[in-house]
Amino acid sequence: QVQLVESGGGLVQAGGSLRLSCAASGRISKIYHMGWFRQAPGKEREFVASITQSGARTYASDSVKGRFTISRDLAKNTAYLQMNTLKPEDTAVYYCAVRTMTSDEYNYWGQGTQVTVSS
């Protein structure tokens, strides 16, 4: 089992920045990828960004490339999502997720943290 706790959400004006954190605990040695997803009201959950276990490779959706950066602190077992130049359309609940080595999909999820961007 892997437990995930997100923090750092809140209300920010358009153009501002926020940094989300995701602290992992439990069987962290089994983690393959850590990722961030988001779900806006009335919309499907969508992929935002992910990072490999070593932190060597990162991936981001086209909608956030150049604005959001995912990183990972192995010593703290924590992943971060630095969000800059926020737009109202970034408003959503952001979820941290983990894909373990034996899974083909993200199989552990955090409780989510609300990000609201005002215009």
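These legends accompany an overview and several close-up views of a predicted protein model.

**Figure 1. The whole protein is built from strands, with eleven of them and zero helices.** Read from the N terminus, the elements follow the order β-β-β-β-β-β-β-β-β-β-β. The C-alpha trace spans about 40 × 25 × 25 Å along its principal axes. The radius of gyration is 13 Å, and a compact globule of 119 residues would have one near 14 Å, so the two agree. If you like to check a fold by its contacts, take those between residues at least 6 apart in sequence: 53% of them join residues at least 24 apart.

**Figure 2. The surface and charges of the protein, in a few overall values.** The accessible surface comes to about 6400 Å², and carbon and sulfur atoms account for 47% of this surface. Of the 119 residues, 42% count as buried. The protein carries 13 positive and 9 negative charges, and the mean positions of these two sets lie 6 Å apart.

**Figure 3. A disulfide joins Cys22 and Cys96.** The sulfur atoms of this pair are 2.0 Å apart, and the count for the model comes to one disulfide. Cys22 belongs to strand 3 (residues 18-26) and Cys96 to strand 9 (residues 92-100), so that the pair, 74 residues apart, links distant parts of the chain. For those who like torsions, the angle about the S-S bond is -75 degrees, which makes the link left-handed. Are the two cysteines buried or exposed? Cys22 has a relative accessible area of 0% and is therefore buried, the cut-off being under 20%. Cys96 is buried too, with a relative accessible area of 0%.

**Figure 4. Ile70 sits in strand 7 and is buried.** Its relative accessibility is 7%, so Ile70 counts as buried. Which residues does Ile70 contact, once neighbours within four places in sequence are left aside? The partners are Met34, Trp36, Ala49, Ser50, Ile51, Thr58, Tyr59, Tyr80 and Leu81. For a distance to check in your viewer, try Ile70 and Gly55: their C-alpha atoms are 9.2 Å apart, with their positions 15 residues apart in sequence.

**Figure 5. Ser50 and Met34, two contact partners of Ile70, are shown together.** Ser50 lies in strand 5 (residues 46-52), and Met34 is placed in strand 4 (residues 31-39). Ser50 is buried because its relative accessible area is 4%. Met34 has 1% relative accessibility and so counts as buried as well. Not counting residues up to four places away in sequence, Ser50 touches His33, Met34, Gly35, Arg57, Thr58, Tyr59, Ile70 and Tyr106. Met34 and Ile70 therefore both appear in the contact list of Ser50, which is itself buried at 4%. Another pair to look up is Met34 and Glu105, which are 71 residues apart in sequence and 11 Å apart in space, C-alpha to C-alpha.

**Figure 6. Ser61 is a buried loop residue.** This serine lies in the loop between strand 6 (58-60) and strand 7 (68-73). Although Ser61 is in a loop, its relative accessibility is 14%, so it counts as buried. Which residues are in contact with Ser61, leaving aside neighbours within four places in sequence? They are Phe47 and Val48.

**Figure 7. Asn77 and Thr85 are loop residues with positive phi values.** Most residues other than glycine have a negative phi, so a backbone plot is a good companion to this view. Asn77, which is not a glycine, has a positive phi of about 50 degrees. The place of Asn77 is in the loop between strand 7 and strand 8 (78-83). With a relative accessible area of 25%, Asn77 is partly exposed. Thr85 lies in the loop between strand 8 and strand 9, and its phi is near 50 degrees. At 45% relative accessibility, Thr85 counts as partly exposed.

Key: Residues numbered from 1 in each chain as written. Predicted model: local features only at pLDDT ≥ 70, side-chain atom pairs only at ≥ 80, totals over all residues. Heavy atoms only, no water. Helix = DSSP H or I, 4+ residues; strand = E, 2+ residues; numbered from the N terminus. Buried < 20%, exposed > 50% of the residue type's maximum accessible area, 1.4 Å probe, protein only. Contact = heavy atoms within 4.5 Å. Disulfide = S-S within 2.5 Å. Rg over C-alpha atoms; globule rule 2.2 N^0.38 Å. Areas by Shrake-Rupley, 256 points an atom, 1.4 Å probe, with all protein chains shown as cover. Lys, Arg positive; Asp, Glu negative; His and termini not counted. Charge placed at Lys NZ, Arg CZ, Asp CG, Glu CD.
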